[in-house]
Every structure is written in structure tokens, then in C-alpha cells.
Amino acid sequence: MIYTITFNPSLDYFVYLDQELTEGSIIKTKNTAIRAGGKGVNISIVLSHMGIQSKAILFLGGGIGELIDREISEKQGIEVIPIRIAEENRINVKIKNQTETAINALGPRVSAEQQEALLAALNGLTKEDYVLISGSFCQGVNAELVERIAERVHRAEARLITDIPNLTLAHYRKIKPYLIKPNLEELAMIFSEKIDEVNYPRYAQALIEAGVENVLVSLGREGAYFASQCKRYQLSGPDVEVINTVGCGDSMLACMVASLASRHSLTEALKYGEAAGRAKAAARGLPTCEDVESLVEKVTVVEVQRKEERERLNE
């Protein structure tokens, strides 16, 4: 089973305009939509599109929490494990015209007792399971909860995957995840250093040495880079017309894990991940299985030798 954990889920209100957003004026919308949001939620939805079952663990509170639950469980057919909290979940506003403007709320505060309830939801883990923690912390939650989740995952010999912007190298030394998926900006935040399109392999290697089993660095249009103790791969894919890049990383991670959970080879899983990221960029919403499958065979995965990397970094 694949479990996704979203600490700070949201109800996202999308407002579509056919004119510029002007401060102080009254503007009529072209269209509106309401969807459940949060990086872990997105991953569960993409997994569902790929025909893979998951369980979404969420802190949910108030009427907004009920709406989020309904959006995921009834409309998407995903099993929700709700961790009930006292405060209302947040509403984010996404304004879309020629560009996208996002107004993201802070979100609720979660108590220590409610965090214990989330940990209890993981009591039945087995070594066949994957646990994906994705997205930012809500109020009251910090890296300590991730460390406690990691303890349970490792005790069950399951696989922990994280995509959390708040973690540092010291945290990764403690939680030792199976896989992480930073982009260059997030990689720079982990190390508090400037990281660019040339030197990022050095930092991926530092994460491996810190105990992370696998690192997938998202490079946007340039593809991705994968590193483990034994292998290094450079990924590239076809050019697509970019419509919306929000959720590309979630789609990439979801499809890579879906492929691994289906016992595909590592290179095949990497192809699915890269294809999903590009399929999302070319779509307004999250990609369908057909969107991803249409690009998989157009993705190239090339093994990189450590010697080649050293020569490139020394140029």
C-alpha cells in the first residue's frame, strides 16, 4: 500500500480571468473551480489516475475539512484517513489569467495529541508499503514529527519518501529516507548554498553520504538527475507546450513510485516519473494515465559515470 501524508491540506479556489488583475477594481470571472489541494493530495490523485490505490492521511477540521474529504474520497475515489483537528483547514485562492497569482493561507494549528493520532494511523505498516510525506508544515508541526514517522517506517522495513521544503541536511541524516525529490532551489535550501545547473551532482552525492538512499533532482525543462550509492542517471524528454507547471514535481514523484510499486525496473520508473512531469506541464490539471503513457517512450535515461561527473565539475 502507498500512504500519502499531507500536513497542511487546502481547499483551492481557482478564479479564471480574461483580463488583467487590477487593484481596487471590480472584475467578473470567466470561470471558477474548487479542488482539494496539497502536495500529498496531488500525489494520491495522480496515483489514482494511474490505477494505483493509495490512502491519504490528512489533518482535517471544520466544514472546510469535510469539503476536502469529500473532494478526495467521493470525487476521486481515494481512501482518506482523516486525523480530526479542532481548527478549520485553509482556503487558498489561485487567480489565473496570463499568469498565476496564488494567495495561500497559513493553515490550522495541530496539537500534540492530534500528531499522536497521525502516528497511530501508521501502526499497521508492512515492508511492502511506501509512505510519502509531501508539502510544507502546518502550525504546530515540525521536523520532529517527520523523524517520529521515519522511526515507524524503518521499524516496519517500509520505504519513506519525502518532498518537504523545511528539512536540512541534519534532518536527512536522522530520517534516512528511501527517496527525495528536490529541485535546484530546494537543494540550495537544504545546504544553504548556491547551487546551479553544473554543480548539483556534488550535492546529490552529499545527500547520499548523509544516508538518503536515492535522490531525484528535478531540472525542469532540462529533465532530471538521479543518484544512488550505485548508479547515476541523466534524464531528458520531449519538448512540450507548457500550460501549467504547478504540480509537475508531485506528478513526477507519484508516477515514479507507482512504477516502483508495480515492480518495474529503476530505469522504467525514472521514465514514468519524467514523462509525468512533462505531461503535467502540458496540462491545465493533473495528468491522466493516457497523458503519461504518450510520453514514456520519448524519455531518455542515460547512465552517467562518476569519472565523467568529476571531469565536468573540474572544467
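Is Tyr225 buried or exposed, and what is its relative accessible area? In this predicted model, Tyr225 comes out as buried, with a relative accessible area of 0%. Its ring partner, Tyr200, is buried as well, at a relative accessible area of 3%. The two ring centres lie 5.3 Å apart and the planes meet at 75°, so Tyr200 and Tyr225 make an edge-to-face pair; the angle is over the 60 degrees needed for that label. Tyr200 belongs to helix H7 (residues 200-209) and Tyr225 to strand E12 (residues 224-228), so this pair ties together parts that are 25 residues apart in sequence.

That pair has company, as the structure holds 7 aromatic pairs. Phe14 and Tyr16 form one whose ring centres are 6.4 Å apart and whose planes are at 15°, so these rings count as stacked. The separation falls within the 6.5 Å allowed for a pair, and the angle is under the 30 degrees set for stacking. Both Phe14 and Tyr16 are buried. Phe14 also has a charged neighbour: the charged end of Arg35 sits over the Phe14 ring, 4.6 Å from the ring centre. Elsewhere, ring pairs join Phe7, Phe59 and Phe137 into a cluster.

Phe7 turns up again when the nonpolar residues are considered. In soluble globular proteins, nonpolar side chains tend to be buried together. Here, the largest nonpolar core has 51 residues, and the members touching the most others are Phe7, Ile149 and Leu207. Helix H4 is the top contributor to this core, giving 6 residues. As for Leu207, and leaving aside residues up to four places away in sequence, the residues it touches are Leu169, Tyr172, Ile180, Leu187, Ile190, Phe191, Val212 and Val215. There is also a second, separate core, made up of 34 residues, with Ile43, Tyr130, Phe226 and Leu235 among them.

Helix H4 has another side to its story. Glu144 is found in this helix, which covers residues 143-155. Glu144 counts as exposed, with a relative accessibility of 51%, whereas the residues of a nonpolar core are buried by definition. Along the chain, Glu144 and His171 are 27 residues apart, and in space their C-alpha atoms are 9.0 Å apart.

Methods
Residues are numbered from 1 along each chain as its sequence is written. This is a predicted model: local features need pLDDT of at least 70, side-chain atom pairs count only at pLDDT 80 or more; totals for chains, interfaces and linings use all residues. Side-chain values use heavy atoms; hydrogens and water are left out. Rings of Phe, Tyr and Trp (its six-membered ring) pair if their centres lie within 6.5 Å; planes under 30 degrees apart count as stacked, over 60 as edge-to-face and the rest as tilted. Buried means under 20% relative accessible area, exposed over 50%, partly exposed in between (1.4 Å probe, protein chains only). Helices (H or I, at least four residues) and strands (E, at least two) are DSSP runs, numbered from the N terminus. A charge sits over a ring if NZ of Lys or CZ of Arg is within 6 Å of the ring centre and within 35 degrees of the ring normal. A nonpolar core is a set of buried Ala, Val, Leu, Ile, Met, Phe, Trp, Tyr and Cys residues joined through side-chain atoms within 4.5 Å. Contact means heavy atoms within 4.5 Å.
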